[in-house]
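Here are some exercises to work through with the viewer open. Try each task before you read its solution.

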Amino acid sequence: MTISSSHITGLVLAGGRGSRMGGTDKGLQNFHGVPLALHALMRLQMQTGAALVNANRNLAAYESFGVPVWPDASQEFGGPLSGFLAGLEQCETPYLVTVPCDSPLFPLDMVERLADALERDDADIAVVQAPEVDETTGQTALRAQPVFCLMHTSLLESLVAFTQGGGRKIDAWTAQHRVVLVPFDAPGDDPRAFCNANTLAELRALEAQPAPAAPATHAP
């Protein structure tokens, strides 16, 4: 890619309530003996020049990962856009890429592919499009995964205006800008790459599958 990784800051979104996981802090649940959010952070650090974590509780635990930790400005568990906003306010590079804390298997070439598409299409935002099985029909189709996205940090003003106006839905905000969807269904792409663990049962099921290559070189 021509956008240098040093110009991209990675943000792990760990600021949710974890309501479907019994209210526990999802990012601190272990996956193969390592907190979920730390798995996400290590995979992201392999692809970016800097990294941040967005969290709203247990801040000392997240700070032990060795990167800056920033809570939502609102302190109201405002959802992913509040995390985006915290990241954009603290980002010191031209681009910010976001990942949720509960998807520990996202690809190690994800940022590169998003950056290539962003530049190729002269877009403001590049969003992952991943295979997802429809629970009703059993059919697999590509679906946008907007919490995995790369954006220009110049979008801060737009996001501030959107959230101050009461907006909370990612899709409604991204629709105001030039978006490129980036499919991750090429031969060799892991269909589980963007699986997330919303419940403890889903986490254990994900853990029971063959472990991914461990990005241990970036452990703090």
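## Exercises on pocket, sheet and loops

**Exercise 1. Sort the lining of the second largest pocket by residue class, then say where that lining comes from.**

Before starting, keep in mind that this is a predicted model.

Step 1: Sort by class. The lining of the second largest pocket splits into eight nonpolar, five polar and three charged residues.

Step 2: Look at the middle. The pocket has 16 lining residues, and those nearest its centre are Glu132, Val133, Phe194, Cys195 and Asn196.

Step 3: Trace the elements. At least two lining residues apiece come from β7 (125-133), β8 (140-152) and α7 (200-208). The largest share belongs to β7, with four residues.

Step 4: Add the volume, which is about 490 Å³ for this second largest pocket.

**Exercise 2. Work out the strand order of the seven-stranded sheet and find its edges.**

Step 1: Write down the order. The open sheet runs β5-β4-β1-β6-β8-β7-β9, and its pairing is mixed.

Step 2: Find the ends. β5 (69-70) and β9 each have a single partner strand, so one side of each has no neighbour in the sheet.

Step 3: Check one edge in detail. β9 pairs with β7 in the parallel sense, over five bridges. As a reminder, strands in a sheet pair through backbone hydrogen bonds, either parallel or antiparallel. Two of the bridge partnerships to look up are Ile125 with Val179 and Ala126 with Val180.

Step 4: Put the sheet in context. The chain has seven helices and nine strands.

**Exercise 3. Which side chains of strand β9 (residues 179-183) point to the buried face, and which to the other?**

Step 1: Walk along the strand and note that the side chains alternate.

Step 2: Assign the faces. Val180 and Val182 share one face and are buried, whereas Val179, Leu181 and Pro183 point the other way and are not buried.

**Exercise 4. Is Thr174 buried or exposed, and what does its side chain reach?**

Step 1: Locate Thr174, which belongs to helix α6 (residues 170-174).

Step 2: Apply the cut-off. Buried means under 20% relative accessible area, and Thr174 comes in at 9%, so it counts as buried.

Step 3: Look for polar partners. A polar atom of the Thr174 side chain sits 3.2 Å from the backbone oxygen of Asp171.

Step 4: Look further along the chain. Leaving out residues up to four places away in sequence, Thr174 touches Ile125 and Val179. Those two residues are the bridge partners from Exercise 2.

**Exercise 5. Thr48 is another threonine to try: which backbone oxygens does its side chain reach?**

Step 1: Place Thr48 in the loop between α1 (36-45) and β4.

Step 2: Check accessibility. With a relative accessible area of 10%, Thr48 is buried.

Step 3: List the oxygens. The side chain gets to the backbone oxygen of Leu44 at 3.1 Å and to that of Ala50 at 3.0 Å.

Step 4: Add the contacts. Skipping residues up to four places away in sequence, Thr48 touches Ser5, Ile8, Thr9, Gly10, Val97 and Val111.

**Exercise 6. Take Asn58 and Asp122: what is the sign of phi at each, and how accessible are they?**

Step 1: Recall the background. Most residues other than glycine have a negative phi.

Step 2: Read the angles. Phi is positive, about 50°, at Asn58, and Asp122 also has a positive phi of about 50°. Neither Asn58 nor Asp122 is a glycine.

Step 3: Find the loops. Asn58 sits between β4 (50-55) and α2 (59-63), while Asp122 sits between α4 (110-120) and β7.

Step 4: Classify them. Asn58, at 42% relative accessibility, is partly exposed; Asp122, at 54%, is exposed.

**Exercise 7. How many residues of helix α3 (residues 80-90) are buried?**

Step 1: Go through the helix. The buried ones are Leu81, Ser82, Gly83, Phe84, Leu85, Ala86, Gly87 and Leu88.

Step 2: Draw the conclusion. Eight of the eleven residues are buried, so α3 is largely enclosed by the rest of the structure.

Step 3: Set this beside the whole chain, where 47% of the 220 residues count as buried.

Key: Residues numbered from 1 in each chain as written. Predicted model: local features only at pLDDT ≥ 70, side-chain atom pairs only at ≥ 80, totals over all residues. Heavy atoms only, no water. 1 Å grid on protein atoms, 1.4 Å probe; cavity = no way out; pocket = protein on both sides within 12 Å on 5 of 7 lines; lining within 4 Å. Points joined across faces, edges and corners; volume = space filled by probe spheres on them. Nonpolar A, V, L, I, M, F, W, Y, C, P; charged D, E, K, R; others polar. Buried < 20%, exposed > 50% of the residue type's maximum accessible area, 1.4 Å probe, protein only. Polar contact = N/O pair within 3.5 Å; in protein donor to acceptor, adjacent residues only side chain to side chain. Contact = heavy atoms within 4.5 Å. Pairing = 2+ DSSP bridges.
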